[in-house]
Amino acid sequence: MKNSLKNEIWKELSEHKNKIEIRSMRDMFAAESERFEKYSIFFEDLLLDYSKNLINDKTLGLLINLAKHSDLKENIEAMFTGEKINFTEKRAVLHTALRNLSGNSVSFEGKDVMPDIKIELDKAMEFADSLRNGIHKGFTGKAITDVVNIGIGGSHLGPEMVCTALAPYTGDVKVHFVSNVDPTDINDKLKSLNPETTLFLIASKTFTTQETMANAEKSRQWFLSYSDNDEAALAKHFAALSTNIEACIKFGIANDRIFGFWDWVGGRYSLWSVIGLSIAVSIGSDNFLKMLDGANKMDEHFRHTPFEQNIPVILALLGIWYANFWQASTYAIIPYDQNLLKFTEFLQQLDMESNGKRITKNGSIVDYTTGPVIWGTIGTNSQHSFFQLIHQGTQLIPADFIAGTDCRSGDKSQHDILMSNFFAQTEALMKGKTEDEVRDELEAAGMNNQDIESLLPHKIFPGNKPTNTILYQSLTPETLGMLIAMYEHKVFVQGIIWELNSFDQWGVELGKQLAKGILEDFAKSGEITGHDSSTNALINYYKSSKS
Ligand code: F6P
């Protein structure tokens, strides 16, 4: 880090960690009755309780100072005002403009981007609604019953996650997702579909991604073989969501079925653009707009709230505290909401593709840890798989616990079971169970002394495991929009403090490049010798053993 004041704060944080680690959170709670009031933030429908963290006022003060001396405020403004902060690709980062429903202009290179955004948004919303209400007909005059989004990475994970999260808002048109280049994915989906009533959305920012193009081509052939190669019919069943208009036209997509966006929308931030068309088909344009509105509320909160009360900033700083000062190399996200089944998977791309980097803005290699491994899945399922390790393993794994207070299914008593587990886990992780408590428990159960002594160490929980609790009332489109934007901004803040460019993804290129050459190797006769001995042997084995 170049900034010497920042280095100083970093050092102070290291020293402070050594002091604070000898105190348990149990003791901190016992000493401070106001801990929840002090370390929680209410915003709109959201409540963030971050009191169950290994922190005190000094920790927070130092972390906030770290943010200030990282020029966070200036960097936030640079993003919102269209500066080319993605400097390796010479691009602005303006996904926040996509959800700016305020009527205020957003200027990029001297031009207000809002009128163009509105044109594409209106066009996409109108199309989504025409599919939902049966106005758009297929080539035999039947209404569309099934929409298939073909895309990968940001052109898939966001839309699929949102459609899963907002399943209670789903209309009659079924939305499916195909992503993997493993042909099983598309074949399985096509099996149950009728070409006369199916519409494909080819979602790809670049319209060159190998996996998406292979699946798009397969669906095209599937459709044409049914419609006697009728290209005019194809136009009624394919739409494209892309920045590469020329490639969409070449593929055979009708002009008015191409929905465009701009290079300043990063793939993992694109669900707010026309890439979200599948979402609008699923939940309707009015709900899609509510989701944008929720995200916009979080944008405003992030942009204008002092760091001490700023949810994304606090989350980011806590993440830095554990990654850099407690050597926590992973971070778990555990939603206790079945509808958030795909949420962690979505956050994996958002976080790890953004901050999984080791080169700073000035081109040097970092000498500190950057983005953690993001993982997890829904509770209560996870309690019966990996929670053992979080409770009693050797690694410190900070975690976000996310849940809704309302019971959407109507089964309130079962929702109470879910929520009792939700609260119990963060309490258990914080408090643990001491040797004395275990001994008392075993004695009360009538166990003899010898058995108690041998079982005792296994039943002790060290506790002191940090968690954030994020509660919302109900997972509405607006609340989901807020939640997603909250994590986007958390990732942004961490990228600024780690001095990374969070908006490029060069690390995915090498594998793509090599795969192209290997695909060519498959077509060659004779031994393949152009790689290392392991890769050569594996390719040759594959070629000789595939049926
Ligand atoms: O592989 C990385 C990546 O470029 C992601 O960042 C992106 O979301 C995904 O591929 C898909 O890209 P596209 O939308 O251009 O097909």
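In this predicted model, the ligand is surrounded by 14 residues, of which Gly154, Ser155, Ser204, Thr206 and Thr209 come nearest. Sorted by class, this shell comprises 9 polar residues, 3 charged residues and 2 nonpolar residues. Oxygen atoms of the ligand are approached by both backbone and side-chain atoms of the protein: a polar backbone atom of Gly154 lies 2.7 Å from a ligand oxygen, an N or O atom in the side chain of Glu353 lies 2.8 Å from a ligand oxygen, and a polar side-chain atom of Gln349 is found at 3.2 Å from an oxygen atom of the ligand. Taken on its own, the ligand has 390 Å² of accessible area, and the protein covers 87% of it.

The largest nonpolar core contains 123 residues, and the members that touch the most others within it are Trp321, Phe343 and Phe492. For Trp321, the contacts beyond four places in sequence include a series of residues with much lower numbers, namely Leu13, His16, Lys17 and Ile20, followed by Leu54, Ile55, Thr59 and Leu63, together with Trp326. A second core, separate from that one, is made up of 23 residues, among them Val178, Met213, Ala240 and Ile253. In soluble globular proteins, nonpolar side chains tend to be buried together.

Burial is not confined to nonpolar residues, as Glu488 and Ser179 illustrate. Glu488 is located in helix α21, which spans residues 477–497, and its relative accessible area is 2%, so it counts as buried. With residues up to four places away in sequence set aside, Glu488 touches His95, Arg99, Tyr269, Trp272 and Leu350. Ser179, in turn, belongs to the loop that runs between strand β6 (174–178) and helix α9 (183–191), and it is likewise buried, at a relative accessible area of 10%. The side chain of Ser179 reaches the backbone oxygen of Gly151 at a distance of 3.2 Å. Gly151 also appears among the contacts of Ser179 beyond four places in sequence, the others being Ile152, His156, Asp185, Glu211 and Asn215.

Thr140 presents another setting, in the loop between helix α7 (114–132) and strand β5 (146–150). Because its relative accessible area is 40%, Thr140 is classed as partly exposed. A polar contact of 2.8 Å links the side chain of Thr140 with the side chain of Glu196. Thr140 and Lys236, although 96 residues apart in sequence, have C-alpha atoms that are 9.9 Å apart in space.

Ala78 lies within helix α5, formed by residues 72–80, and is buried, since its relative accessibility is 5% against a limit of 20%. Outside its neighbours within four places in sequence, Ala78 is in contact with Glu83 and Ile85. A separation of 9.1 Å is found between the C-alpha atoms of Ala78 and Val93, which are 15 residues apart along the chain.

Several features of the backbone geometry also deserve description. Most residues other than glycine have a negative phi, and most peptide bonds are trans. Against this background, the peptide bond that joins Gly379 and Thr380 is cis, with omega at about 10°, and Thr380 is placed in the loop between strand β11 (373–375) and helix α17 (387–392). A positive phi, near 55°, occurs at Asp71, a residue other than glycine, which is found in the loop between helix α4 (57–68) and helix α5. Asp71 is partly exposed, with a relative accessible area of 42%. A positive phi of about 55° is likewise found at Asp228, which is not a glycine either. Asp228 occupies the loop between helix α10 (210–226) and helix α11 (231–235), where its relative accessible area of 69% places it in the exposed class.

Key:
Residues are numbered from 1 along each chain as its sequence is written. This is a predicted model: local features need pLDDT of at least 70, side-chain atom pairs count only at pLDDT 80 or more; totals for chains, interfaces and linings use all residues. Side-chain values use heavy atoms; hydrogens and water are left out. A nonpolar core is a set of buried Ala, Val, Leu, Ile, Met, Phe, Trp, Tyr and Cys residues joined through side-chain atoms within 4.5 Å. Buried means under 20% relative accessible area, exposed over 50%, partly exposed in between (1.4 Å probe, protein chains only). Contact means heavy atoms within 4.5 Å. A residue is near a molecule or strand if one of its heavy atoms lies within 4 Å of it. A polar contact is a pair of N or O atoms within 3.5 Å; within protein, one must be able to donate a hydrogen and the other to accept it, and residues adjacent in sequence count only if both atoms are side-chain atoms. Accessible areas come from the Shrake-Rupley method with a 1.4 Å probe; for residues, only the protein chains shown count as cover. Ala, Val, Leu, Ile, Met, Phe, Trp, Tyr, Cys and Pro count as nonpolar, Asp, Glu, Lys and Arg as charged, and the others, Gly among them, as polar. Helices (H or I, at least four residues) and strands (E, at least two) are DSSP runs, numbered from the N terminus.
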